[in-house]
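Q: I would like a close look at one residue and its surroundings, and then at other parts of the same chain. Please keep the explanation plain enough for a first-year student.

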Amino acid sequence: MSNQFDVIVIGAGPGGYIAAIRAAQLGFKVACIDEWKNSKGGPAPGGTCTNVGCIPSKALLQSSEHYDQAAHHFADHGITVEGLKMDVSKMVARKDTVVKQNNDGILYLFKKNKVSFFHGRGSFVKAADGAYEVAVSGDKPETLSARHIVVATGSSARQLPGAAFDEKLILSNEGALAVTEAPKKLGVIGSGVIGLEMGSVWRRLGAEVTVLEALPTFLAAVDEQVAKEAQKLFVKQGLKLELGVKIGEVKAGKKGVTVSYANAKGEEQKLEVDKLIVSIGRVPNTNGLNAEAVGLKLDERGAIVVDDDCKTNLPNVWAVGDVVRGPMLAHKAEEEGVAVAERIAGQHGHVDFNLIPWVIYTNPEIAWVGKTEQALKAEGRAYKAGSFPFIANGRARALGDTTGFVKFLADAATDEILGVHIIGPFASELIAEACVAMAFKASAEDIARICHAHPSLSESTKEAALAVDKRTLNF
C-alpha cells in the first residue's frame with residue numbers, strides 16, 4: 001500500500017474520524033492515525049469522548065439512574081422490588097461493552113469509506129515539496145505523506161498542582177470511569193460537567209459526595225436562574241456543595257485522600273475521602289506532535305493557533321476540536337471536522353459557534369444554547385424573557401419528573417430568539433428544537449405558533465415561547 005495520501009488526519013476522536021470520513025466521501029485518499037488502545041492493546045478509535053468521556057459516562061449514568069429509580073421511585077408505579085442490589089463490576093463491564101461497540105463502529109466506517117487507518121502516534125517529520133511527512137510510531141512504525149494535514153489530537157485532563165493523577169485514589173475522568181466499587185466517601189474538586197456527572201453516578205449508588213468549587217457561584221457559565229435551580233435540586237438530592245474554596249495540600253495515603261482547603265469564610269477545613277475526582281478543566285494535547293519540526297504555531301496554553309476556518313499558520317495544515325480555541329465539546333469538534341473536509345474540497349464548510357448547544361447529563365439534565373440572561377444584561381441589550389415549569393406539563397407528570405423549567409430569551413424589538421435554557425427531563429433532546437429555530441433566525445412567536453404534540457415535554461418549549469409575550473395556553 002502506498003504511503004502517499006491527499007489528506008492525513010492525526011487523531012481519531014470525534015473531530016478526527018468525522019473529518020477523515022467526510023474527506024474520503026469527497027473523493028480524497030485519506031489516512032487517519034490514532035494511538036488509543038483497548039485492554040488487549042488493539043486499536044480503540046473515538047478519542048476521549050468514546051473511550052473515557054461522553055460515551056462511557058452516559059452508560060454509567062444510565063445504569064445508576066435505573067438503580068435509583070428501582071430503589072426510590074418504582075413503588076410509585078406499583079412495582080415492588082425486593083433484595084435490590086448493585087453489581088458495580090457488571091455495570092462497569094456493560095460500560096466497557098458500549099465503548100467497544102463504538103470503537104468497532106468507527107473502524108467499520110473507516111473500512112466502508114476506504115479510510116486507511118494506522119494505529120500509533122502521529123507526529124510531524126518535515127515539510128517537503130508542497131507536502132508534509134508524518135511519522136507513525138507504534139507496533140509498525142511508518143512514514144506517511146500528504147498535501148493536507150488535519151490535526152485532531154484532542155485534550156487531556158488538567159492536573160491540580162501537587163496532586164498528580166494516580167488513577168487509583170486521585171482520579172481524572174479516566175480513573176473516575178474505571179472505579180469498580182462504590183466509594184463510601186467521594187470528593188470532587190471542580191463543579192464542571194465531569195465532576196457533577198460522576199458525582200451523580202456514585203451518589204446514586206450510596207456514596208457521600210462533596211464537591212469543592214473555587215468559584216463563588218455555582219455553574220457560572222450557565223444562566224443564573226437555571227444554576228440556582230440546579231444548586232437547590234442537587235443539594236436536595238444529597239450532594240454537598242462548597243463554593244468559593246481555596247484548595248491547599250492534597251495528600252493520598254493508604255486509607256484514602258485528605259484535602260486541606262479554606263472555605264468561603266477563610267476557615268481552614270479538611271476533607272477525608274476514599275477517592276478524589278479532580279475536574280478542573282482540560283488542556284490541549286499537543287505533546288509529542290513535534291510541531292516545532294514544521295513551525296506549527298502554538299499559543300501559551302499549548303493549543304494550535306487557527307483562524308475562523310481552522311487554518312493554522314502553515315499552508316494546508318488544519319486543526320479542529322479540543323486542540324484549538326473554542327468550547328471543548330465533541331459535537332463542536334465534529335462540526336469543525338466536516339467543515340474542514342469540505343473546505344479542502346473547495347466547498348464552503350460552515351460552523352456557527354454561537355449555536356453550539358451545551359448539556360450536563362445530571363438529573364435533572366441541563367441544556368442551553370445562545371446567550372444567558374446575565375450576558376445580555378452585561379451587553380446592555382434589550383430583551384424579553386419567558387419561562388414555563390415542567391410541573392405544569394402533563395407528560396412530565398406522567399413521567400414522574402416535574403423538576404425544572406424551559407426559559408426563552410428574545411430580542412425586545414424583533415422577538416428573535418437569543419437564548420434557550422432548559423433544566424429538567426430530557427433537556428438534552430429538547431434543546432435541539434431551539435438550535436434549529438435559532439439557526440434560521442426564528443422568533444419566539446414562530447415557536448409559539450408551531451403545533452407541538454400533546455402530551456409531550458416539547459409543549460413546555462412552546463409555552464415558554466408564548467410566555468415571552470406574557471401569554472400561555474396553560475396545558
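Does Met 438 count as buried or exposed, and at what relative accessibility?

A: The model is a predicted one. In it, Met 438 has a relative accessibility of 7%, so it counts as buried; the cut-off for that word is under 20%. The residue belongs to helix α11. Setting aside residues up to four places away in sequence, Met 438 touches Leu 355, Val 369, Gly 370, Ile 417, Leu 418 and Gly 419. Take Leu 418 from that list: Met 438 and Leu 418 are 20 residues apart in sequence, and their C-alpha atoms are 7.4 Å apart in space.

Helix α11 also helps to cover another helix. The buried residues of α13 are covered by elements that include β20 (383-389), β21 (405-411), α11 (427-439) and α12 (444-449). Helix α13 spans residues 459-468, and 10 of its 10 residues are buried, so the rest of the structure largely encloses α13. The buried residues of α13 include Ala 464, Ala 465, Leu 466, Ala 467 and Val 468, but also Glu 459, Lys 462 and Glu 463. Just after α13 comes Lys 470, with a positive phi of about 60 degrees. On the other side, the loop between α12 and α13 holds Pro 455. The peptide bond that joins His 454 to Pro 455 is cis, with omega at about -5 degrees.

A second cis bond runs from Asn 363 to Pro 364, and its omega is near 5 degrees. Pro 364 sits in the loop between β18 (358-360) and β19.

Two loop residues can be set side by side. Asp 415 lies in the loop between β21 and β22 (417-424). Its phi is positive, about 70 degrees, although Asp 415 is not a glycine. With a relative accessible area of 9%, Asp 415 is buried. Asp 129 lies in the loop between β4 (121-128) and β5 (131-137). Its phi is also positive, near 55 degrees, and Asp 129 is likewise not a glycine. At 82% relative accessibility, however, Asp 129 counts as exposed.

Next come the nonpolar cores. The largest one has 37 residues, and the members that touch the most others are Trp 202, Phe 218, Leu 219, Phe 234 and Ile 366. At least two residues each come from α3 (54-72), α4 (88-112), β9 (185-189), α6 (193-204), β10 (208-213), α7 (224-237), β11 (240-243) and β19 (365-370). With five residues, α7 gives the most to this core. The contacts of Phe 218, leaving aside its neighbours within four places in sequence, are Ser 191, Leu 196, Ala 227, Ala 230, Gln 231, Phe 234, Leu 241 and Leu 243. Another core, of 29 residues, lies apart from the largest one, and its members include Val 359, Ala 367, Ala 427 and Ala 444.

Helix α6 supplies residues to the largest core. It has 12 residues and spans 17 Å from its first C-alpha to its last, close to the 16 Å expected at 1.5 Å a residue. Of those 12 residues, 10 are buried, so α6 is largely enclosed by the rest of the structure. Among the buried ones are Leu 196, Met 198, Val 201 and Trp 202, together with Glu 197, Arg 203 and Arg 204. Gly 206 follows α6 and has a positive phi, near 105 degrees.

Two more contributors to the largest core, α3 and α4, also pack on each other. Two packed helices are described by the angle and the distance between their axes. Here the axes of α3 and α4 come within 9 Å and cross at roughly 145 degrees, and the crossing is right-handed. From α3, the contact uses Ile 55, Pro 56, Ala 59, Leu 60, Ser 63 and Ser 64, and from α4 it uses Met 91, Arg 94, Lys 95, Val 98, Val 99 and Asn 102. Sorted by class, these residues are seven nonpolar, three polar and two charged.

One further buried residue is Cys 32, in strand β2 (residues 30-34). Its relative accessibility is 0%, so Cys 32 counts as buried. Not counting residues up to four places away in sequence, Cys 32 touches Val 9, Gly 11, Ala 12, Ala 20, Phe 110, Val 115, Ser 116, Phe 117 and Phe 118. Cys 32 and Thr 143 are 111 residues apart in sequence and 13 Å apart in space, C-alpha to C-alpha.

Definitions and conventions: Residues numbered from 1 in each chain as written. Predicted model: local features only at pLDDT ≥ 70, side-chain atom pairs only at ≥ 80, totals over all residues. Heavy atoms only, no water. Core = buried A, V, L, I, M, F, W, Y, C linked by side-chain atoms within 4.5 Å. Buried < 20%, exposed > 50% of the residue type's maximum accessible area, 1.4 Å probe, protein only. Helix = DSSP H or I, 4+ residues; strand = E, 2+ residues; numbered from the N terminus. Contact = heavy atoms within 4.5 Å. Expected span 1.5 Å × (residues − 1). Axes fitted to C-alpha atoms, helices over the stretch in contact; angles between N-to-C directions. Left-handed = near helix turned anticlockwise from the far one by under 90°. Nonpolar A, V, L, I, M, F, W, Y, C, P; charged D, E, K, R; others polar.
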